[in-house]
Amino acid sequence: MAVLAPSPRPPKAAAKRERTCVGCGDAVDLDEGALEPGIAPSAEQRGGATLLRVALAEADGAWTCVVDAPANLGGRGAWVHAAPKCLQRACKGGFSKALKTKVDLPLATLVEAGQLAAERRMEGLLASARRGRLAAFGHDACRELLAKEPDALLVVATDAGAIARSREVEDAVRLGRAVAWATKRRLGVFFGKEEVALVAIADPRMSVAIVRAVADRAAFAACSVEPKGSETTTKSTKVEGEACRSPEVR
Ligand SMILES: [Zn+2]
């Protein structure tokens, strides 16, 4: 029996999944260093802003949107960086141009959807960190984990109190390895405790995803407080940076 030699095929040339931000017009390769489908790192100059898909729908002349971080919703959509300048430009005409129709989407609607999506992602990440035993919680357990994994990310409750002034947290803040998120009670829900002030995540992929979710939420939030027409990148970068480096603690 003749054995057919496998015909030499060129390595599967995967189609480049490039998407363009409707705010700044930059094209981003979704798979370049992608951590999760649809969540791709972008150019350094934007402080690591995430390119997110926004699913848009029109009903009775009013536009609504869902920030579709996993990029799995059907229907019409467009891509935009989670950066105030890009979000503002998207609402000012970027979405209309991309969808070739007049999209009258208030920035406030997009901002609300963006913050909600970032919160949901954060909740999902914490839940899977707990399920996968990838997180330590409580000061002692976090300290133990940090002794073994010095690069672990700390999630500090915004009302963490004295723990936020501990050496472990101060070191992590200085190294950019800490994010502030939610209250002790809310963090507690994910770990079956009444209150949790401190969580340590050792898994690097999960840490990056958490930092992104917190930074995305900060970018959308910064958009809602910026004066109309303001396009200062420095401001957005600062807010994102602060979200990652200084837990808002009392
Ligand atoms: Zn952009």
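Among contacts in the protein between residues at least 6 apart in sequence, what percentage join residues at least 24 apart? In this predicted model, the share is 68%. The secondary structure comes to 7 helices and 9 strands, and buried residues make up 43% of the 250 residues in the protein. The points below take up a sheet, the helices that pack on it, and the largest nonpolar core.

**The open sheet**

- Three strands form an open sheet in the order E4-E3-E5, and their pairing is antiparallel.
- The edges of this sheet are strand E4 (62-68) and strand E5 (76-81), each of which pairs on one side only, and the twist from one strand to the next averages 35°.
- Strand E3 (residues 51-59) is joined to E4 by 7 bridges, with the two strands running antiparallel; within this pairing, Arg-53 has Asp-68 of E4 as its bridge partner.
- As a general point, the strands of a sheet pair through backbone hydrogen bonds, either parallel or antiparallel.

**Helices on the sheet**

- Helix H1 (residues 84-99) lies across E3 and E5, and its direction runs at about 145° to E5.
- Helix H2 also packs on the sheet, where H2 touches E3 and E4 and its direction makes about 25° with that of E4.

**Helix H2 in detail**

- Helix H2 (residues 107-131) contains 25 residues and reaches 36 Å from its first C-alpha to its last, which is close to the 36 Å expected at 1.5 Å a residue.
- The buried residues of H2 include Leu-110, Ala-113, Gly-114, Ala-117, Ala-118, Arg-121, Met-122, Leu-125 and Ala-129.
- An α-helix has 3.6 residues a turn, so residues three or four places apart point the same way, and this is a useful idea to keep in mind when reading that list of buried residues in H2.
- After H2 comes Arg-133, whose phi is positive, near 50°.

**The largest nonpolar core**

- The largest nonpolar core has 76 residues, of which Val-80, Leu-154, Val-156, Leu-198, Ala-200 and Ile-210 touch the most other members.
- Helix H6 (residues 204-225) gives the largest share of this core, 11 residues.
- Because domain 1 (18-104) and domain 2 (120-245) both give residues to this core, the core lies between them.
- Leaving aside residues up to four places away in sequence, Val-80 touches Cys-21, Val-22, Gly-23, Leu-52, Val-54, Cys-86, Leu-87, Ala-90 and Gly-94.

Key: Residues numbered from 1 in each chain as written. Predicted model: local features only at pLDDT ≥ 70, side-chain atom pairs only at ≥ 80, totals over all residues. Helix = DSSP H or I, 4+ residues; strand = E, 2+ residues; numbered from the N terminus. Buried ≥ 20, exposed ≤ 12 C-beta atoms within 10 Å, placed from the backbone. Contact = placed C-beta atoms within 7 Å. Expected span 1.5 Å × (residues − 1). Core = buried A, V, L, I, M, F, W, Y, C linked by C-beta atoms within 7 Å. Domains from an automatic or database assignment. Pairing = 2+ DSSP bridges. Axes fitted to C-alpha atoms, helices over the stretch in contact; angles between N-to-C directions.
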